[in-house]
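User: I'd like to go through this one label by label and ask what stands behind each. Can you show me the structure to start with?

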Amino acid sequence: MNVVVASYVFYLAISVALTVWVARTLHKNGRIFLVDVFHGNEPLADSVNHLLVVGFYLINLGYVSLALKLGYDVRNAQEGIEALSWKVGMVLVVLGGMHFFNLYIFSRMRRRASLVDAPPPVAPDAYTSVRGHSHA
Amino acid sequence: MRELTVLYDPQCGLCRRAQAWLMSKPKYLELVFVPASSDEARSRYPQLNHSLTLTDLTVISDQGAVYSGPKAWLMCLWALRDYREWSLRLSSPELLPTAKRVISMISQNRYQLEGLGSVILKGAK
């Protein structure tokens, strides 16, 4: 096994492990948000949570496999570690970006859900009777 | 609250365009448009001072809560899915005085602003 193949193997192992770790964190902690967004409808929250995590896996593993190819020659262990570090760093940055994007989606969903029940922004100036109603 | 009745000034082009814009947007609650001071408005709200509804936009909830002037505009925004957040933001203590000033200014000059408004609302569509 030459240095390039060894760095590929390490790259895949580290990247996949990181992706799994972030996805599990997201899955575990995102659930609470979603249960709140869906007003305690736990089956729906679990379903959406699962779908989000599947998308997260697909995008990240897709990126990991697209970015595998090194494209230049690695002659010794030092260059192998440098190449590996660059690749894993890119995966981490993409994971971080995806993670914040997910947080943004969660908070947006939560905000939108809270808007449905938001009370009127201003107090009425007066009350009048409505034909067919008997409110004073 | 399920429905808001909007008493608008049918003589003003800006108001008609605003009405068309409001009707085209997705809503949280129903908006019913009734020309201000019309027979329909008078029969719906027998106790309301209808001469006031000709100078200021008036919105009335299905429970009879009356909002007039800038408050009525904010209630219209509040009814729209995409603008409810804006209605809440504009009615915060920091922004409400400015919002009221701007809305009153537009409202008082609505006949003069007709041409300008048509351009803006066409762009917003």
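Analyst: Here goes, starting with a definition: helices are DSSP runs of H or I with at least four residues, strands are E runs of at least two, and both are numbered from the N terminus. Keep in mind that this is a predicted model. On that footing, chain B reads β-α-β-α-α-β-β-α-α-α-α from the N terminus on, with seven helices and four strands.

User: What makes β1(A) and β4(B) a pair?

Analyst: A pair needs at least two bridges found by DSSP. Two bridges join β1(A) to β4(B), and the strands run antiparallel, so the pairing counts. One bridge sets A:Tyr127 against B:Ala65 in β4(B).

User: And how do you know that β3 and β4 of chain B pair?

Analyst: By the same test, at least two bridges. Three bridges join β3 (residues 58-61) to β4 (residues 65-68) of chain B, again in an antiparallel run. Within that stretch, B:Thr58 stands opposite B:Ser68.

User: What is the strand order of the open sheet?

Analyst: β1(A)-β4(B)-β3(B)-β1(B)-β2(B), five strands with mixed pairing.

User: Why are β1 of chain A and β2 of chain B called edge strands?

Analyst: Each of them pairs on one side only. The residues concerned are 126-127 in β1 of chain A and 30-35 in β2 of chain B.

User: Which helix packs on that sheet?

Analyst: That's α4 (residues 70-79) of chain B, touching β1, β2, β3 and β4 of chain B. The direction of α4 makes about 110 degrees with that of β4(B). The range for roughly perpendicular is 65 to 115 degrees, so that label fits here.

User: Why is α4(B) described as largely enclosed?

Analyst: A residue is buried if 20 or more other C-beta atoms lie within 10 Å of its own. Ten of the ten residues of α4(B) are buried, so the helix is largely enclosed by the rest of the structure. Among them are B:Trp73, B:Met75, B:Cys76 and B:Trp78, along with B:Lys71. For chain B as a whole, 33% of the 125 residues count as buried.

User: What does chain B put into the contact with chain A?

Analyst: Chain B gives 24 residues and chain A gives 16. On the chain B side, α2, β4, α4 and α5 (84-90) give two or more residues each. By class, that side has twelve nonpolar, seven polar and five charged residues.

User: Over to chain A. Why are α1(A) and α2(A) called roughly antiparallel?

Analyst: Their axes cross at roughly 155 degrees and come within 9 Å. The cut-off for roughly antiparallel is over 145 degrees, so the label follows. The crossing is right-handed. Residues in the contact include A:Leu26, A:Gly30 and A:Leu34 of α1(A), plus A:Val48, A:Leu52 and A:Phe56 of α2(A). The classes come to 13 nonpolar, six polar and three charged.

User: What makes α2(A) and α3(A) roughly antiparallel?

Analyst: They pack at about 160 degrees, with their axes 10 Å apart. An angle over 145 degrees earns the label, so these two helices qualify. This crossing is right-handed. On the α2(A) side the contact includes A:Leu52, A:Phe56 and A:Ile59, and on the α3(A) side it includes A:Val91, A:Leu95 and A:Met98. Here the classes are nine nonpolar, two polar and no charged.

User: What is the phi of A:His39, and why does A:His39 count as exposed?

Analyst: Phi is about 50 degrees, a positive value although A:His39 is not a glycine. Most residues other than glycine have a negative phi. As for exposure, A:His39 has 11 C-beta neighbours inside 10 Å, and the limit is 12 or fewer, so exposed is the right word. A:His39 sits in the loop between α1 and α2 of chain A.

User: Why is B:Ser37 called partly exposed?

Analyst: B:Ser37 has 18 C-beta neighbours inside 10 Å. Buried takes 20 or more and exposed takes 12 or fewer, so 18 lands in between. B:Ser37 also has a positive phi, near 65 degrees, and lies in the loop between β2 and α2 of chain B.

Conventions: Residues are numbered from 1 along each chain as its sequence is written. Chains are lettered from A and ligands numbered from 1 in the order in which they are written. This is a predicted model: local features need pLDDT of at least 70, side-chain atom pairs count only at pLDDT 80 or more; totals for chains, interfaces and linings use all residues. Two residues are in contact if their C-beta atoms, placed from the backbone, lie within 7 Å. Axes are lines fitted to C-alpha atoms, for helices over the stretch in contact, and angles run from 0 to 180 degrees between N-to-C directions. Ala, Val, Leu, Ile, Met, Phe, Trp, Tyr, Cys and Pro count as nonpolar, Asp, Glu, Lys and Arg as charged, and the others, Gly among them, as polar. Angles under 35 degrees count as roughly parallel, over 145 as roughly antiparallel, 65 to 115 as roughly perpendicular and the rest as oblique. A crossing is left-handed if the near helix is turned anticlockwise from the far one by less than a right angle, and right-handed if clockwise.
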